[in-house]
Amino acid sequence: MADIALLTALIEPEVKALGFDLVRIKLFGSGDEHTLQIMAENPRTKQLVIEDCAAISRRISDVMDEADPIEEAYRLEVSSPGIDRPLTRLHDFIEWAGHEAKITATEIVDGRKSFRGVLNGVEGDDILFTDVKSGDVVIPFALVSDAKLLLTDALLSATMPLSSDGADDFETEE
């Protein structure tokens, strides 16, 4: 499999050139089925519309075809991080403070590796978190292997759709 740091160095400048922020690059699969997943967002809305995904996909495809950093055949998937988004950057933990999340650490922190609770922001390079089972805990960002927001009413309210135009306009056959 290709080096994620190399892929990031190739892809992130292209995503930024289009005015978006890179959220995550993930390469997964086995055998003949590999997927290069690119998650990006508009820094103002924290979302992407389908036209944004298409623009990013075209730009990344050109760069990847030229550099050819992945030996295996792969499918390119470009998407918005979604409502229950992964938290991949330290500033994500600041931006989404007050919301519920699940965090998995690579090593034991305060007797546990898995946490579920409320984000309280950051202090330096540490995530401040209130776990439902163990209370307040400080999780070093360097030890986070996986983190994502949990779907709640508060999160849904905070991530209203870009546009709901046409949501009520549909035709039915009688």
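**Exercise 1. Find how confident the model is, and where its confidence is lowest and highest among the elements.**

Solution. The chain averages a pLDDT of 90, and 91% of the residues score at least 70; these scores belong to a predicted model. Turning to the separate elements, helix α4 (residues 153-158) has the lowest mean pLDDT, 84, while the highest, 98, belongs to strand β6 (residues 126-131).

**Exercise 2. Describe the chain as a whole: which elements does it have, and in what pattern do they follow along the sequence?**

Solution. Begin with the count, which gives four helices and eight strands. Next, read along the sequence, where the pattern is α-β-β-α-β-α-β-β-β-β-β-α. For the extent of the chain, its C-alpha atoms fill a box of roughly 50 × 45 × 30 Å along the principal axes. Buried residues make up 36% of the 174 residues, and the chain exposes about 10,200 Å², of which carbon and sulfur atoms supply 49%. Finally, among contacts between residues at least 6 apart in sequence, 56% join residues at least 24 apart.

**Exercise 3. Work out the order of the three-stranded sheet, and state which helices lie against its strands.**

Solution. The sheet is open, its order is β1-β2-β3, and its pairing is mixed. The edge strands are β1 (21-30) and β3 (75-79), each of which pairs on one side only. From one strand to the next, the twist averages 15°.

Now take the pairing of strand β2 (residues 33-41) with β3, which is parallel and rests on five bridges; within this pair, Q37 stands opposite E77 in β3. Helix α2 (residues 50-67) packs on the sheet and touches β2 and β3, with a direction that makes about 145° with that of β3. Helix α1 (residues 4-17), for its part, lies across β1 and β2 and runs at about 140° to β1.

The UniProt record, an unreviewed entry, places the feature "domain: Ribosome maturation factor RimP N-terminal" at residues 10-84. The end C-alpha atoms of residues 10-84 lie 27 Å apart, and the span is 35% helix and 32% strand.

**Exercise 4. Work out the order of the five-stranded sheet, and explain why β7 and β8 each have one side without a neighbour in the sheet.**

Solution. This open sheet has the order β7-β6-β5-β4-β8, and its pairing is antiparallel. Because β7 and β8 (144-149) stand at the edges, each has a single partner strand, and one side of each is therefore left without a neighbour in the sheet. Neighbouring strands are turned by 40° against each other on average, direction ignored.

At one edge, six bridges join β6 to strand β7 (residues 135-140), and the two run antiparallel; they form a hairpin with three residues between them. One of the bridge partnerships joins I127 to I139 in β7. At the other edge, strand β4 (residues 100-109) pairs with β8 in the antiparallel sense over five bridges.

According to the unreviewed UniProt entry, the annotation "domain: Ribosome maturation factor RimP C-terminal" covers residues 87-152. That span is 9% helix and 61% strand, and its end C-alpha atoms lie 16 Å apart.

**Exercise 5. Decide whether A101 is buried or exposed, and list what surrounds it.**

Solution. A101 is found in strand β4, and its bridge partner in β8 is L149. Buried means under 20% relative accessible area, so A101, at 0% relative accessibility, counts as buried. Leaving aside neighbours within four places in sequence, A101 is in contact with L87, F115, R116, G117, L119, F129, K148, L149 and L150. As for V138, the C-alpha atoms of A101 and V138 are 14 Å apart in space, while the two are 37 residues apart in sequence.

**Exercise 6. Decide whether H99 is buried or exposed, and say where it is placed.**

Solution. H99 has its place in the loop between α3 (90-95) and β4. With a relative accessible area of 13%, H99 is buried, because the cut-off for buried is under 20%. Leaving aside neighbours within four places in sequence, the contacts of H99 are G117, V118, L119, L149, A154, L155 and A158.

Technical notes: Residues are numbered from 1 along each chain as its sequence is written. This is a predicted model: local features need pLDDT of at least 70, side-chain atom pairs count only at pLDDT 80 or more; totals for chains, interfaces and linings use all residues. Side-chain values use heavy atoms; hydrogens and water are left out. pLDDT is the predictor's confidence in each residue, from 0 to 100. UniProt positions are given in the numbering used here, feature names are shortened, and annotations may be inferred rather than shown by experiment. Two strands pair if DSSP finds at least two bridges between them. Axes are lines fitted to C-alpha atoms, for helices over the stretch in contact, and angles run from 0 to 180 degrees between N-to-C directions. Buried means under 20% relative accessible area, exposed over 50%, partly exposed in between (1.4 Å probe, protein chains only). Contact means heavy atoms within 4.5 Å. Accessible areas come from the Shrake-Rupley method with a 1.4 Å probe; for residues, only the protein chains shown count as cover.
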